[in-house]
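Visitor: I'd like a walk through this one, with the reasoning behind the labels spelled out. Could you show me the structure before we start?

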Amino acid sequence: MSFFGLCVQPLKAYKIEIPKGKRLHLTAACVSPEKPTPTALTLTVDQKTHIIASIGSAGHLMASLDLAFGHGQTISFSVTGAMDMHLTGYFEMDADMYFNEEMTQREFEESFDETDDDEDMEGAVEALKAELEAKQAMKSLMDSSSGGKKKRKRDEAEDAPEAAIEGMGGEENGEPKKKKKKKKKAAKQDKPAK
């Protein structure tokens, strides 16, 4: 992509022929904020004239555009009003130039080199594996140097979530349901029969 900019002055026509293999995307038109007066931007394409922006009054100093012109097209801009109109956009490569009638869609897709992406991905995977191995080596080194105390604490911490999961739904008021049932059964047995 390459930048496109053009200052269109009043009462002058600016003719542009889109170069072969390029597309022009026109994205914005604006006027200077100094003494803005109503100004209209006119576009002539295929011998037809269109007003594409009217700005410069009531605080409207810019218009967003999304216009695309293909290679070989000749377009012309002009301004009606007292202010210069600044146009901005960008040129990009025209995909139609790369895909012709003789080339099939598959040939077109295969014309892009994907080997660099695959090599980059393999390198990233290898780097992650090496990082994981280094962390595991550091972890085992730390375990062996702490005399086992840290390992016991870590094992207890790892078992804590399992204990919490086992107790889920099985506790009422901090007491396991099985213990509560045993207490109720014992209380019934202690009561004298009527």
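**Strands, core and one ring pair**

Guide: Let's begin with a pairing: V8 has M85, in β8, as its bridge partner. Bear in mind that this is a predicted model.

Visitor: What makes β1 and β8 a pair?

Guide: Two strands count as paired when at least two bridges join them. β1 and β8 share seven bridges, in the antiparallel sense, so they pass that cut-off.

Visitor: And how do you know that β2 and β7 pair?

Guide: By the same test: four bridges join β2 to β7, and at least two are needed, so this is a pair as well. These strands also run antiparallel. In β7, S76 is the residue opposite K15. K15 lies on the uncovered face of β2 with E17, while Y14 and I16 make up the covered face.

Visitor: Why are β1 and β6 said to stand at the edges?

Guide: The open sheet has four strands, ordered β1-β8-β3-β6, with antiparallel pairing. β1 and β6 each have a single partner strand, so one side of each has no neighbour in the sheet. From one strand to the next, the twist averages 20°.

Visitor: What makes the pair of F4 and F91 edge-to-face?

Guide: Ring centres must lie within 6.5 Å, and planes over 60 degrees apart count as edge-to-face. For F4 and F91 the centres are 5.7 Å apart and the planes stand at 90°, so the label fits. F4 sits in strand β1 and F91 in strand β8, 87 residues apart, so the pair links distant parts of the chain. A search of the whole structure turns up one aromatic pair.

Visitor: Why is F4 called buried, and what about F91?

Guide: The cut-off is under 20% relative accessible area. F4 comes in at 8%, so it counts as buried. F91 has 15%, so F91 is buried too.

Visitor: Which residues touch the most other members of the largest nonpolar core?

Guide: They are F4, L6, L41, I75, F77, M85 and L87, out of 25 residues in that core. Among the elements giving two or more residues to this core are β1, β4, β7 and β8. In soluble globular proteins, nonpolar side chains tend to be buried together.

Visitor: What does M85 touch, leaving out residues up to four places away in sequence?

Guide: Its contacts include L6, V8, A29, V31, L41, I55 and V79. V8 brings us back to the start, as the residue whose bridge partner is M85.

Notes. Residues are numbered from 1 along each chain as its sequence is written. This is a predicted model: local features need pLDDT of at least 70, side-chain atom pairs count only at pLDDT 80 or more; totals for chains, interfaces and linings use all residues. Side-chain values use heavy atoms; hydrogens and water are left out. A nonpolar core is a set of buried Ala, Val, Leu, Ile, Met, Phe, Trp, Tyr and Cys residues joined through side-chain atoms within 4.5 Å. Buried means under 20% relative accessible area, exposed over 50%, partly exposed in between (1.4 Å probe, protein chains only). Contact means heavy atoms within 4.5 Å. Axes are lines fitted to C-alpha atoms, for helices over the stretch in contact, and angles run from 0 to 180 degrees between N-to-C directions. Rings of Phe, Tyr and Trp (its six-membered ring) pair if their centres lie within 6.5 Å; planes under 30 degrees apart count as stacked, over 60 as edge-to-face and the rest as tilted.
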